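Me: Please take a close look at a single part of this model, the region around the annotated sites, and describe how its residues are placed and what surrounds them.

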Amino acid sequence: MDMNWRKSSENKPIGVIGIGSFGTAISNLLAEKNNVLVYARDEAVVEAINKTHMVKNRKLAPSIRATTDPEMVCDSCNVMFPMIPSSAFREVMIRFAPYLHPYHFLIHGTKGLSLNLPEGKDLGNIKKIRRKNICTMSEVIMEETVVERIGCLAGPNLAKELLENQPGATVIASRYNEVIREGQQLLRSDNFQVYGNSDIIGVELSGVLKNIIAIASGALSGLGLGDNAKGLLISRGMVELVYLGKAMGGSTKSFLGLAGVGDLVTTCNSTLSRNYTLGFRLAKGEKLTDIVADMEEVAEGVNTVKLIKLFLESTDLRAPITENLYKVLFEDLKVEAALQYLMKFPIYTDIDFFD
């Protein structure tokens with residue numbers, strides 16, 4: 001790649017780590033105001049970006065360049081946006097850790113969880129997990145690197161719509177006001193609004209937990225059920241999201257914002273959502289393993305259901321949608337049977353988490 005490119009501007013380029021559909025969309029948004037340096041592991045992907053400005057038939061702005069070198073990204077960029085599936089997030093942070101410094105800003109866009117267990121333990125041989133064993137991506141960054149100025153990008157950010165430059169908005173959450181301001185300055189445009197929130201854990205958990213409800217919503221649509229059923233699911237799903245989120249350290253206020261109810265409503269109604277699509281296909285009778293193998297990118301909700309089910313077994317919490325979705329995904333419970341169970345679940349108070 002042209003080494004003079006990164007020296008040609010007074011301002012340092014902005015880094016993007018990972019170039020899936022969301023990484024591509026964020027790269028293009030950032031490129032409206034800045035040079036962008038993308039990290040990808042695949043040399044063929046990097047070569048295609050640098051030569052053709054394309055990645056998987058998606059067009060990239062000319063000011064975007066790519067590399068396979070983590071050290072180059074860290075040396076070239078003060079601000080980076082990790083856009084990596086949760087299953088690979090820790091591994092990539094470990095790879096970047098030797099080149100990261102306290103002055104770096106990391107604003108991630110990953111709506112998933114990572115498991116942190118004692119040596120020798122994994123999902124196959126552990127029966128219960130505590131909150132300390134479940135990490136949001138900001139917690140992974142803190143565990144694996146020296147970076148402190150960490151942010152999270154969350155909200156109803158369907159990549160396809162962002163790539164088409166349709167109007168949208170997001171939330172930058174961080175404990176540091178300078179991270180929020182930097183994220184807003186980099187991403188805000190005439191077509192894209194950026195809000196701030198200091199409750200990073202609540203915002204991260206909003207993005208994670210709504211994926212569970214999105215799978216269930218897709219399943220309802222796959223059964224051919226109507227809007228009354230969808231409204232019931234989304235509203236009860238919102239209550240479940242708040243209870244789980246508060247138990248894991250988030251604030252009710254964050255769950256009622258753009259990253260919570262805004263993202264929940266969007267993802268539960270969109271055929272562009274991977275989690276919604278997975279639920280739809282399950283209800284049509286396809287096997288989970290076949291659906292996952294066929295999907296180009298990860299539906300984060302599957303791993304989230306698994307981790308939250310284990311967490312529930314270590315607490316006194318009940319989360320009926322999550323519990324029944326686990327049985328549908330991993331124990332061959334029919335979607336219709338899960339729906340019948342939920343309709344009869346003995347909860348008769350509408351909202352009580354404000355009491």
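**The annotated sites and their surroundings**

Reply: Setting aside neighbours within four places in sequence, Ile19 is in contact with Thr24, Ser27, Val38, Ala40, Val45, Ile49, Val55 and Leu60. The model is a predicted one, and in it Ile19 is found in the loop that runs between β1 (14–17) and α1 (21–30). With a relative accessibility of 12%, Ile19 counts as buried.

Ile19 belongs to a wider annotation: an unreviewed UniProt entry places the feature "binding site" at Gly18, Ile19, Gly20, Ser21, Phe22, Gly23, Ala159 and Arg274. From this set, the lining of the largest pocket takes in Gly18, Ile19, Gly20, Ser21, Phe22, Gly23, Ala159 and Arg274. Gly23, for its part, lies in helix α1 and is buried, at 2% relative accessibility. If residues up to four places away in sequence are not counted, Gly23 touches Val16, Gly18 and Met83.

Arg274 also appears in a further annotation, since the "binding site" feature of the unreviewed UniProt entry covers Lys111, Arg274 and Asn275. These residues span 165 residues in sequence, yet no two of their C-alpha atoms are more than 12.1 Å apart, so they gather at one spot. Lys111, Arg274 and Asn275 from this set are likewise taken into the lining of the largest pocket.

Arg274 lies in helix α12 (residues 274–283) and is partly exposed, with a relative accessible area of 33%. Its contacts, not counting residues up to four places away in sequence, are with Ser21, Met295, Glu297, Val298 and Ala299; Ser21 is itself one of the positions named in the annotation that includes Ile19.

Lys111, by contrast with the helical setting of Arg274, has its place in the loop between β7 (105–108) and β8 (114–115). Lys111 is buried, with a relative accessible area of 14%. Beyond residues up to four places away in sequence, Lys111 touches Ala154, Gly155, Asn157, Gly207, Val208, Lys210, Asn211, Asp263 and Glu300.

One of those contacts leads to another annotated position, for UniProt (unreviewed entry) places the feature "active site" at Lys210. Lys210 has its place in helix α8, and it is buried, with a relative accessible area of 4%. Leaving aside neighbours within four places in sequence, Lys210 is in contact with Lys111, Leu241, Asp263, Leu264 and Thr267. Asp263 is thus a contact of Lys210 and also a contact of Lys111.

The packing of helices around Lys210 can be followed further. The axes of α8 and helix α11 (residues 258–267) come within 9 Å and cross at roughly 25 degrees; the two helices are therefore roughly parallel to each other, and their crossing is right-handed. Where they meet, Val203, Ser206, Gly207, Lys210, Asn211, Ile213 and Ala214 in α8 face Ala259, Gly260, Asp263, Leu264 and Thr267 in α11 through contacts. An α-helix has 3.6 residues a turn, so residues three or four places apart point the same way.

Helix α8 (200–222) is also among the elements that cover the buried residues of α5, together with α4 (86–96), β7, β8, β9 (134–135) and β10 (149–154). The buried residues in question, within helix α5 (residues 137–144), are Met137, Ser138, Glu139, Val140 and Ile141.

Technical notes
Residues numbered from 1 in each chain as written. Predicted model: local features only at pLDDT ≥ 70, side-chain atom pairs only at ≥ 80, totals over all residues. Heavy atoms only, no water. UniProt positions renumbered as here; feature names shortened; annotations may be inferred. 1 Å grid on protein atoms, 1.4 Å probe; cavity = no way out; pocket = protein on both sides within 12 Å on 5 of 7 lines; lining within 4 Å. Helix = DSSP H or I, 4+ residues; strand = E, 2+ residues; numbered from the N terminus. Buried < 20%, exposed > 50% of the residue type's maximum accessible area, 1.4 Å probe, protein only. Contact = heavy atoms within 4.5 Å. Axes fitted to C-alpha atoms, helices over the stretch in contact; angles between N-to-C directions. Parallel < 35°, antiparallel > 145°, perpendicular 65-115°, else oblique. Left-handed = near helix turned anticlockwise from the far one by under 90°.
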